[in-house]
Amino acid sequence: AARAADEEAGWVDGDWDDGEEAESDQNAIDRAKMEEFIARLHQCQSRDLIDQAAQDFCYLNNKANRMMLARALARVDRRQLGLIPYYARMIAILAPAMPDISEFVCDLLIRQFTFFKKQKSEQNLEDKLRNVRFHGELLKFRIMKPIQCFRILQVCIDDFAYQNIEVACNLFEACGRFLYRNKITHERTKTMLATMMRLRAVKNIDVRHECMLDNAYYICRPAPASERAARKVRPPMHEYIRYLLFTVLSKATEEEVAMQLRKLPWAECEPYLIKCLLKVQKGKYNQVYLSATLTATLRKFHDSLAVHLADDLLSEIRYLLHFAGFTKQQRLLSLMKLLGELYNDLVVDAHVVFDTLYTLLSAGTERTGPLPDPPQDCFRIRVVCTLLDTCGQHFDHGALRRRLDLFLAHFQRYVMGKERVPMDVEFSIADTFEELRPDWKRAESGEEADNLLIKLEGQSKATRARGLAALAVVHR
């Protein structure tokens, strides 16, 4: 059966005569060791492992074993093409001391491709690709001669269709860059690439093959890299602030960072510190609270920091709401998370949070003018849920509870005005209501939502009137 497979692959009779005669005289124990060694070859999928395997083979070296190894290397499984570079490396390592292995493998590969060239069957495509990839890897180790790879490419260009396109692309992917950068083979490789791209332009080739040709071409000749933007040069003090906030700051180093920031010339560094604190999208989302906690710590020594930070934060939120750019959505979510954490650390008051919540429901955009966001846009719902999930649990008693109930009624009516709420957004709304008001029964119709809204607004006005009357009595 093995002999029949060899003949089918193009390995003609007589290839193994010397090996079979030597194997007949081989000691059974040595043969068992060699078979065990070959059985472990497919596990050598790193340079260190294949180097060790080459070293181990030196202790098993004899003519019969060299033939067995050459046969095993050439018969690499077509489903494990990732082994080919490592097998080629092993052949290159052993070639100076055992040239017959490399010569035998190269001869087998050439014979095999000659056989495949005569066969037009599509069933041999995987074997062809394995063969040309082995050619390419051996070429990069200077075991295979470049002329053989050029012969394969010329055969593919002469009949530029179907399987030959894939064969040429795989060969270029395996060794095209090496041939193109080599001074000796550069011009010929350049000519063949140009010929291949001309044939691509004039022939009727399907999209898949066009993509393969483009990939092979740009692997050999990468497009010139666009000039990288020069790294922004900042003053050393600014670089130190960025290092503290974006690299050092963590739960364990919070006090240390605050101490280092207090040592800076405050009047000079405060504006840039605020600018960096607002760049919360540069860090991890679950560590936004660190910026708020750091602000609360520094506020004890510099009252102006909290005022300026809150002012810039609210201005940035209004700017992002107005332009409503898709690329700015992550930044808006991060800033809303920061606002909630600032309230948790008592840096901003509750009225700032509620004013922001109502702004989210009513502020216009660049596209809609004074009107809120379009009925099909549900991003602001995510933003409201983010802010409520961050600090809404503190609005659970007294006047703050009533204010949150009123806002939730407005929010519920706002959600019902959307054309269609995606499932993930609906889950976020349900989680927010479940966390803040587990007993809240959501309205099922617009009329029911309006009635609830009128009821809560009436209670709010009555509470406000009683408060003003009590205040007047006190002043008398």
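In the predicted model, Arg442 has a relative accessibility of 28% and therefore counts as partly exposed. Its side chain meets that of Glu426 in a salt bridge, with an N to O distance of 3.0 Å. The pair connects distant parts of the chain, since Glu426 belongs to helix α22 whereas Arg442 is placed in the loop between α22 and α23 (446–475), 16 residues apart. Glu426, at 29% relative accessibility, is likewise assigned to the partly exposed class, for which the lower bound is 20% and the upper bound 50%.

The protein chain that holds this pair comprises 23 helices and zero strands. Of its 476 residues, 43% are buried. When contacts between residues at least 6 apart in sequence are considered, 72% of them join residues at least 24 apart.

Salt bridges were then examined across the model. The count comes to 21 salt bridges. In general terms, side chains of opposite charge can pair when their charged atoms come close. A second pair between distant parts of the chain is formed by Asp373 and Lys418, whose closest N and O atoms are 3.0 Å apart. Asp373 is found in the loop between α19 (350–362) and α20 (379–391), and Lys418 in the loop between α21 (398–416) and α22 (423–436), with 45 residues separating the two in sequence. Asp373 has a relative accessibility of 7% and is therefore classed as buried. Lys418 is also buried, because its relative accessible area is 9%, which is under the 20% limit. The Asp373–Lys418 bridge thus joins two buried residues, whereas Glu426 and Arg442 are both partly exposed.

A further salt bridge is contained within one helix. The side chains of Lys337 and Glu341 meet with an N to O distance of 3.6 Å. Both residues belong to helix α18 and are four residues apart, about one turn of the helix. Lys337 and Glu341 are both buried. Salt bridges also link residues into a network, whose members are Arg78, Glu126, Asp127 and Arg130.

Lys337 and Glu341 recur in the packing of helix α18 against helix α16. The axes of α16 (residues 288–299) and α18 (residues 329–344) come within 9 Å and cross at roughly 45 degrees. This angle makes α16 oblique to α18, because it falls in neither the range under 35 degrees nor that of 65 to 115 degrees nor that over 145 degrees. The crossing of the two helices is right-handed. On the α16 side, the contact is made by Val288, Tyr289, Ser291, Ala292 and Thr295, and on the α18 side by Ser334, Lys337, Leu338, Glu341 and Leu342. By residue class, the contact of α16 with α18 contains five nonpolar, three polar and two charged residues.

A second helix pair was characterised in the same terms. Helix α11 (residues 186–202) packs against helix α12 (residues 207–220) at an angle of about 160 degrees, and their axes are 11 Å apart. The angle makes α11 roughly antiparallel to α12, because the cut-off for this class is over 145 degrees. The crossing of α11 and α12 is left-handed, whereas that of α16 and α18 is right-handed. Helix α11 contributes Leu193, Met196, Met197 and Arg200 to the contact, and helix α12 contributes Glu210, Leu213, Asp214, Tyr217 and Cys220. The residues of this contact of α11 with α12 divide into six nonpolar, no polar and three charged.

Two individual residues, in helices α21 and α19, were also considered. Arg403 lies in helix α21 and, at 35% relative accessibility, is counted as partly exposed. Apart from its neighbours within four places in sequence, Arg403 is in contact with His351, Phe354 and Tyr358. The C-alpha atoms of Arg403 and Phe354 are 8.2 Å apart in space, although the two residues are 49 residues apart in sequence.

Thr359 is located in helix α19. With a relative accessibility of 13%, Thr359 counts as buried, whereas Arg403 is partly exposed. Beyond its neighbours within four places in sequence, Thr359 is in contact with Arg318, Leu321 and Arg380.

How values were computed. Residues numbered from 1 in each chain as written. Predicted model: local features only at pLDDT ≥ 70, side-chain atom pairs only at ≥ 80, totals over all residues. Heavy atoms only, no water. Axes fitted to C-alpha atoms, helices over the stretch in contact; angles between N-to-C directions. Left-handed = near helix turned anticlockwise from the far one by under 90°. Contact = heavy atoms within 4.5 Å. Nonpolar A, V, L, I, M, F, W, Y, C, P; charged D, E, K, R; others polar. Salt bridge = Lys/Arg side-chain N within 4 Å of Asp/Glu carboxyl O. Buried < 20%, exposed > 50% of the residue type's maximum accessible area, 1.4 Å probe, protein only.
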